[in-house]
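Trainee: Got a minute to go through a model with me? I'd like to ask about it bit by bit.
Mentor: Sure, put it up and fire away.

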Amino acid sequence: MPHRVSTSKADGSGMIGTAPRSRSRALALGVALAFVAVGGQLVRLALLNEGSSTIRVSMMSTPSSTLARPDIVDRNGRLLATDVQMPSLYADPHLIQDADEAAERLGRMFSGLEVRALRSSLADKTKRFVWIRRGLTPAMAQRVHNLGIPGVLFVDEIRRTYPAGRLGGHVLGRVDIDNRGTSGIERHIDDVGASEAAHGARLSARAPVRLSLDLGVMHALDDELKSAMERYDAPGAAGLVMDVRTGEVVAAVSRPGADPAIAEEALDPERIDKVAAGTFELGSIVKLITVALALETGKSLDSLVDTSEPLKAGRFTIEDLHPLGRPMSVAEVFLHSSNVGAGQLALSAGAEAQTAFFQKLGLWSPLKTEVSAGPEPLKPAQVGRIEQITLAFGHGLAVTPLQFAAASAALMNGGTAVTPTFLARDDAVDGARVVSARTSALLRDVMRRNVTDPSGTGRRADAAGFEVGGKTGTAEMAARGGYRKKSVIASFLGTFPASDPRYVTLVMLFEPRGQESTGGEITAGRNAAPTTARVIERIAPLLGVAAKAS
Amino acid sequence: MRILNFVAVFMALASAFLLYGLNYDTRMIESRLHSREREAEQARADIAVLRAERAHLARPERIEPIARGLGLEPLGARHLLPGPGLASSDITTSSTGP
């Protein structure tokens, strides 16, 4: 019994003790379950959140890999290129009910749409995405929307716009359908990684790319070149303005221009960028280089050169247009633009020194800028006597006008090389010395004299108060097997103010015709020089160059 | 012990409700945030279009004929005074031009 009792007691006490313990276990389990539920909910929320954002992104992204690009502004912050959102039209063939009808109606809406190709792609139910037309105007999008074709849908995309139109078009370059730069500054922006993948149609928030160009100066130059083309009946013209200290290109215009928004214009060979992409034989403006070479090799402006006889080299005879029949000083060779004199100066310097000088000035190799890799200059394979003579007066070497302006800037600024740039540069860059300060000062003097001297070829380039200096160049255009006498490139290399130059200008007129106002002549002194005067009169106040009392 | 268990259950329930409330609020805020972001994005896109249009309207090629029509002309040397030391009578003469 005691055993039983004790057992029953023991059992009883066991039964009595188990009930609350199991209840507390159940409770603990319940609480644990509740916490697990809470934890589970937290995990679910976290996963769900991630899921929803993924869905959102995939809905916003377009099937193309469009780039968002920074704005491009001129040196004063005026807008030259920007991205805007535009609706693009696509179709989901899976949702198209009647492919024939849809293609027919869309074909009527858009000119140039290949209806047959569209019909077959709309009928292909395996596809879920077909582009119809990208970059619609809002009005056009509304008209398509009003058609109410099921399965024809819109998505916002980024498109590049160029508010200034053709002005600066060559420098800006262009972009393709995916907003990727294919030429000019646009390509440079991609090369340096300043553009970014567009998430959906989100615009770039990056800082604008500031160019060295000044829109006001660009317009003045463009306007004057346009007038000059009309006045002298020239089918083409080009011009540029460069800061001699920083190498910044303040204006670069090539006419006929190209609107970056119009692909046909940008790809038209007639509209090539004559400033940075075309190479030309520049004619007598190269005599500035020859005179610089002479001054660097020990001559002075008063040194005499034998110009009494035409120069002979093999079967060629080099003559002057208006021979003086007597020896000339170096300054006179420049002022009278004597081919014989320039040839003699080159011969006395020697072929090696002449070639080395061209190399030092960057005229012997391509000039790479942000806008292009630069075409290879056309130069003689070997520099013999005849090449030496022709190089001295600007024939036998074809370089880009930009390249020549950069070399001239170095000769004008005191003698240090400049690297031309299309991006704004705040400070002058210390380049390598190419000529002595003395040579530079003498060149500035002779450039000014060529405009002020009554016998100077550049006298029509004088713009009152702005101390213009410069050199004319009339180069016969190269043709198959020789040169065309009546077709010339008339150029004027200018600088102002000549006593302490801040800018060089280069104005080129392609194939100008003789007019009553030019006395029937096509030489640069009669057309490019007065055009330069007009340009400088307009741009000098914009560039903050004070006029001096004349 | 029992009270403790009740408190624990109560706490678990309360925290579940609280969590639900927080979750709900968070979703509301997120949706408001997304709608604000969309509005900001739209505003940015509109501003981009307006800036492009403004630049297009203010392009020199268009402004010049308008300015000339109003009797204005490009700034030239004769509009600028050559340095200091001029009397006011000179300024009047110079600014009226030839």
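Trainee: How many residues of chain B are in contact with chain A?
Mentor: 33 residues of chain B are in contact with 37 residues of chain A, where contact means heavy atoms within 4.5 Å. Keep in mind that this is a predicted model, in which local features need pLDDT of at least 70 and side-chain atom pairs count only at pLDDT 80 or more, while totals for chains, interfaces and linings use all residues. As for bookkeeping, residues are numbered from 1 along each chain as its sequence is written, chains are lettered from A and ligands numbered from 1 in the order in which they are written, and side-chain values use heavy atoms, with hydrogens and water left out.

Trainee: How much area do chain B and chain A bury between them?
Mentor: About 2,700 Å², with 62% of it on carbon and sulfur atoms. Buried area here is the accessible area (1.4 Å probe) that two parts lose on being put together, summed over both.

Trainee: Which residues in chain B lose the most area to chain A?
Mentor: B:Leu19, B:Glu41 and B:Pro60, which together make up 17% of what that side buries.

Trainee: And chain B itself, what pattern does it follow along the sequence?
Mentor: The pattern is α-α-α, with three helices and zero strands. Helices (H or I, at least four residues) and strands (E, at least two) are DSSP runs, numbered from the N terminus.

Trainee: What share of chain B counts as buried?
Mentor: 13% of its 98 residues. Buried is under 20% relative accessible area, exposed is over 50%, and partly exposed is in between (1.4 Å probe, protein chains only). Chain B exposes about 7,700 Å², and carbon and sulfur atoms supply 67% of that; those areas come from the Shrake-Rupley method with a 1.4 Å probe, and for residues only the protein chains shown count as cover.

Trainee: Switching to pockets: what is the volume of the second largest pocket?
Mentor: About 890 Å³. A pocket is an open set of points on a 1 Å grid over the protein atoms alone, with protein on both sides within 12 Å along at least five of seven lines; a cavity is a set where a 1.4 Å probe fits but cannot get out, and lining residues have an atom within 4 Å of a point. Grid points are joined across faces, edges and corners, and a volume is the space filled by probe spheres set on the points.

Trainee: Which element gives the most to the lining of that second largest pocket?
Mentor: H1(B), with seven residues. Strands S3 (79-91) and S5 (152-161) and helix H8 (263-267) of chain A also supply at least two residues each. The lining has 29 residues, and A:Val84, A:Met86, A:Arg159, A:Arg160 and A:Thr161 lie nearest the centre.

Trainee: How does the largest pocket's lining divide by class?
Mentor: 15 nonpolar, 20 polar and 15 charged. Ala, Val, Leu, Ile, Met, Phe, Trp, Tyr, Cys and Pro count as nonpolar, Asp, Glu, Lys and Arg as charged, and the others, Gly among them, as polar. The largest pocket holds about 1,700 Å³ of space, and of its 50 lining residues, A:Ser284, A:Leu321, A:Asn339, A:Thr474 and A:Glu476 are the closest to its centre.

Trainee: How many cavities of 30 Å³ or more are there?
Mentor: Two. The largest has a volume of about 50 Å³, and its lining has nine nonpolar, one polar and no charged residues. The second largest is about 40 Å³, with six nonpolar, two polar and one charged residues in its lining. S9(A) gives the most to that second lining, with three residues.

Trainee: Now the backbone: where are the cis peptide bonds you'd point me to?
Mentor: One joins A:Arg255 and A:Pro256, with omega about 0°, and A:Pro256 lies in the loop between S9 and H8 of chain A. Another runs from A:Phe496 to A:Pro497, with omega near -20°.

Trainee: What is phi of A:Asn179?
Mentor: Near 65°, a positive value in a residue other than glycine. Most residues other than glycine have a negative phi, and most peptide bonds are trans. A:Asn179 sits in the loop between H5 and helix H6 (184-191) of chain A.

Trainee: Is A:Asn179 buried or exposed?
Mentor: A:Asn179 is buried, at 1% relative accessible area. A:Glu467 also has a positive phi, about 50°, and counts as buried at 18% relative accessibility.
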